[in-house]
Every structure is written in structure tokens, then in C-alpha cells.
Amino acid sequence: MKLTDHILASPAMIALAPVMTMAHIGVAMVASVFIDSDHVHLMLKEKAYTRAGIKRLNDNIYKKTINGKPNRMYVEIVYLFHTVEFNLVLFALSFMYPILLPIWAGFVFHIICDIVHHRSHQLPIIRWLFLTDWILGYALSKK
């Protein structure tokens, strides 16, 4: 999903009002957009330093393949904040540091939106969702 789509979707988290304060919902909304900061490496790799460069990258991001296989696109880049493993650790840490719970909720909301978007556009999901898949894919791409 594009950044603007995530920003427009984030108010849906108000549905958490029965279980979270409005302040925590605000944190979750910001986190649901901040999670994409793990895409900065891709911008650097593609030399997308300007607004036009970022737009070009965003418009063509799903067209890139490796050997005609889109499920291996950008195999050298890990989207750490999007991985199940990272989010399990974040959730576990939220028991010791409660402020992490709304951040985790925002991340999970964002990931769910990404899964729906990728599924509806027949784009790869497993590649960025699991750190273990990235590690295996990266190792195999080096052979």
C-alpha cells in the first residue's frame, strides 16, 4: 500500500477505543505509518533521493522481478518491522514496557492492511512477512 493509503486507513483504529485510551490509539496510528521506515534501505538502493525519484520507485515497485519471479523481488532487503518474528518480540516486550503495546497494535494493523493489499493485487506476501523466509531467500540468491 502507498503511504497515503496507510494514513487514510489509520483512523479505523478508533475501533480500539473500548480497549485503549485515545492517547494509545494516537500512538498506534502514528506507529502504523512509521512502520514503513524500514523501506528507507530500498530508497537508498534505488537512489530515490528526490520526490520524483520516490514517486518513480513507488509507481514501479511491484514491476521488479528476479528471473521473472516477483516473489523474490528485492530479496536482499529485509522489511524488519513487517516480520512476524519482530512483532512477536515486540509483543512480548510490551509486557515489560506497556507503551510498546499500542506500537505493536499499529504495526499489526499496518501489516494486515498490507496483506489485504498484496493479496488483492496478487503480490508476494511470505517474502516480507517472515524473517526466516528472507534469510533463506537471501542465502539462496547468493548461490
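Trainee: Patches join residues with over 30% relative accessible area and no salt bridge (Lys or Arg side-chain nitrogen within 4 Å of an Asp or Glu carboxyl oxygen), nonpolar side chains within 5 Å and like charges within 9 Å; which residues form a nonpolar patch on the surface here?

Mentor: Val89, Leu93, Met96, Tyr97 and Ile99 do, with about 490 Å² of accessible area together (Shrake-Rupley, 1.4 Å probe, only the protein chains shown as cover). Keep in mind that this is a predicted model, with local features needing pLDDT of at least 70, side-chain atom pairs 80 or more, and totals for chains, interfaces and linings using all residues. Numbering starts from 1 along each chain, and side-chain values use heavy atoms, without hydrogens or water.

Trainee: Where is methionine 96 found?

Mentor: In the loop between helix 5 (84–93) and helix 6 (100–120), helices being DSSP H or I runs of at least four residues. Methionine 96 counts as exposed because its relative accessibility is 55% (exposed is over 50%, buried under 20%, partly exposed in between).

Trainee: Switching to rings: how many aromatic pairs are there?

Mentor: The whole structure has 6 (ring centres within 6.5 Å; under 30 degrees is stacked, over 60 edge-to-face, the rest tilted). One of them, phenylalanine 91 with tryptophan 104, is tilted, at 4.6 Å centre to centre and 45° between the planes.

Trainee: What does that pair tie together?

Mentor: Parts 13 residues apart in sequence, because phenylalanine 91 lies in helix 5 and tryptophan 104 in helix 6. Phenylalanine 91 is partly exposed at 30%, and tryptophan 104 is too, at 24%.

Trainee: Any aromatic cluster? Which residues form it?

Mentor: Phe34, Phe81, Phe86 and Phe107.

Notes. Helix = DSSP H or I, 4+ residues; strand = E, 2+ residues; numbered from the N terminus. Buried < 20%, exposed > 50% of the residue type's maximum accessible area, 1.4 Å probe, protein only.
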